[in-house]
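Here's a quick briefing on cysteines, aromatic contacts and internal cavities. Have the structure open while you read.

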Amino acid sequence: MPTPPYLLRLRRADDAAAVRRVLNDVLPDFAHVFPADKAAPILVKPNGNANMNALTGNTTDLRLLVALLGHLRDAGYTDVTVGEGTNSGFYRNKIGVMERLRINAAAARFGYAAIDLNQAEGLPVPFENGVTALVARPALEAALVINLPKLKTHFEAGMSVCLKNLMGCLVGQENKKKTHQSLAANIVNLNLALRPALHIVDALVAMEGLGPTRGTPLRLDALVFGENPYLIDLACARLAGFPADKVRPLAEARRRGLATPNMDAFLDGLALPLLAGSPLAPPVAGPLATFIHHPKRQKYFLAIRNTPFFTWLAGTDWFGALLFKTGLRQDVFCRDELRLDALTLDAAACDDCGACRRFCPAGLDPKAVAASGDRSQCLACLYCLLVCPRRALSFHGEPGYLTEQLRQYDALVRELDGRQPQWKGEV
């Protein structure tokens, strides 16, 4: 039997234990991309776009990250770094998104480092029109880059999957700004410079609608594995029922001959399922944001946004609130940190549905942790608290930035465990 031209895997995982089983089952198929030298540097690049956690559909699920880091540790790899450079607003406001998402805690659990790529030394890569941008040296010089994008719709790019996720490898706000001078083309340029050898798409909880931050979470229980980011993004467009020509980086890759008819033909033979049962809702913004961010006008908006005065103005609370209200900004940059003193269990409210166990990245029984008060193995991600449909777990402390997530997403996240997807047909 001839060898297939591409390697692509779609697997279902409905809880943390299943994620670990899937990785142990699938990653041997990609053994050829892993360094033979166990001391070779490996960079794991999650999506840490904002401090909205994975259950909102925004960022990489800790269930995937913890399972992958555990797999790497068990395989004997010693030089593993989790690296992400979060978006410019959080960087500008000096907000530690990796700490808030508990990415740092997940890495430390295995003795690995977590670094902010915004702060890393940069090396130049070519962008459009003679521009160069600095990309974090750890990303460029790693023996293996493992990309962990989130499957979500995206207002500017159409969809954000493998290609778009590499924007987090740019150093600091100034270099991220350069991408927007020719967004789709420069995203492709980034991928040509970095060339991650393995991509694992987190579609455990995806996002539809006004992504990357203000959309609607969708429980899909899916992981997509592959080596070629153009093929994977084409596949994810089909899995999402999203027109590939509306994904701007993919359209640019198609124009350059990187996303090819051969890939389409390969995917035609796989009969990929529609993960949500219907196409994901597109990212439709309000009229003002749609007008300003149109590709024909965006360069004029960027020229204003990148002035020192506008940068200062955007950093004020009142103007930031105005930008959010008008839809010109998707994020709320809350500077108040969360302080968790304890989680307690209301035994009368708990019906032992198991949602907290299914969503705990550390593989713990949150009920037992709450009863004992022993959080020594807990990542403090609060997935258990947030997903509990009966609100049987209570938070004690200062919610800080979590208040905004609860305001936007509390009811939606608590519905996740009861919305098991019906797709079939693993690849």
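A residue counts as buried when its relative accessible area is under 20%, and as exposed when that area is over 50%, with partly exposed in between. Keep in mind that this is a predicted model. With that cut-off in hand, Phe90 is a clear case: its relative accessible area is 1%, so Phe90 is buried.

**Aromatic pairs**

- Searching the whole structure turns up 3 aromatic pairs.
- One of them joins Tyr6 and Phe266 in an edge-to-face arrangement, with 5.3 Å centre to centre and 70° between the planes.
- That contact links distant parts of the chain, 260 residues apart: Tyr6 is in the segment before β1 (8-12), and Phe266 belongs to helix α12 (residues 261-268).
- Phe266 counts as buried, at 15% relative accessibility.
- Phe90 and Phe333 also make an edge-to-face pair, because their ring planes stand at 90°, and the ring centres are 4.7 Å apart.
- Since Phe90 sits in helix α3 (residues 88-92) and Phe333 in the loop between α16 (317-326) and β12 (339-345), this pair ties together parts 243 residues apart in sequence.
- Phe333 is buried too, at 13% relative accessible area, while the value for Phe90 is 1%.

**A charge over a ring**

- Arg12 places its charged end over the ring of Trp423, 5.2 Å from the ring centre.

**Cysteines**

- How many disulfides are there? The count is 0, where a disulfide would need two cysteine sulfur atoms within 2.5 Å.
- Why does Cys360 have no such bond? The closest cysteine sulfur, in Cys381, is 6.1 Å from the sulfur of Cys360, which is too far.
- Cys378 is in no disulfide either, as the nearest cysteine sulfur belongs to Cys384 and is 6.4 Å away.
- Buried or exposed? Cys360 counts as buried at 8% relative accessibility, whereas Cys378 is partly exposed at 28%.

**Cavities**

- The structure has 4 cavities of 30 Å³ or more, and the second largest has a volume of about 160 Å³.
- Some of those cysteines turn up again here: of the 17 residues lining the second largest cavity, Leu343, Cys360, Pro366, Cys378 and Cys384 lie nearest its centre.
- Which elements give two or more residues to this lining? They are α18 (366-372) and α19 (383-387), and α18 gives the most, with 3 residues.
- By residue class, the lining of the second largest cavity splits into 16 nonpolar, no polar and 1 charged.

Terms used
Residues are numbered from 1 along each chain as its sequence is written. This is a predicted model: local features need pLDDT of at least 70, side-chain atom pairs count only at pLDDT 80 or more; totals for chains, interfaces and linings use all residues. Side-chain values use heavy atoms; hydrogens and water are left out. Buried means under 20% relative accessible area, exposed over 50%, partly exposed in between (1.4 Å probe, protein chains only). Rings of Phe, Tyr and Trp (its six-membered ring) pair if their centres lie within 6.5 Å; planes under 30 degrees apart count as stacked, over 60 as edge-to-face and the rest as tilted. Helices (H or I, at least four residues) and strands (E, at least two) are DSSP runs, numbered from the N terminus. A charge sits over a ring if NZ of Lys or CZ of Arg is within 6 Å of the ring centre and within 35 degrees of the ring normal. On a 1 Å grid over the protein atoms alone, a cavity is a set of points where a 1.4 Å probe fits but cannot get out, and a pocket is an open set with protein on both sides within 12 Å along at least five of seven lines; lining residues have an atom within 4 Å of a point. Grid points are joined across faces, edges and corners, and a volume is the space filled by probe spheres set on the points. Ala, Val, Leu, Ile, Met, Phe, Trp, Tyr, Cys and Pro count as nonpolar, Asp, Glu, Lys and Arg as charged, and the others, Gly among them, as polar.
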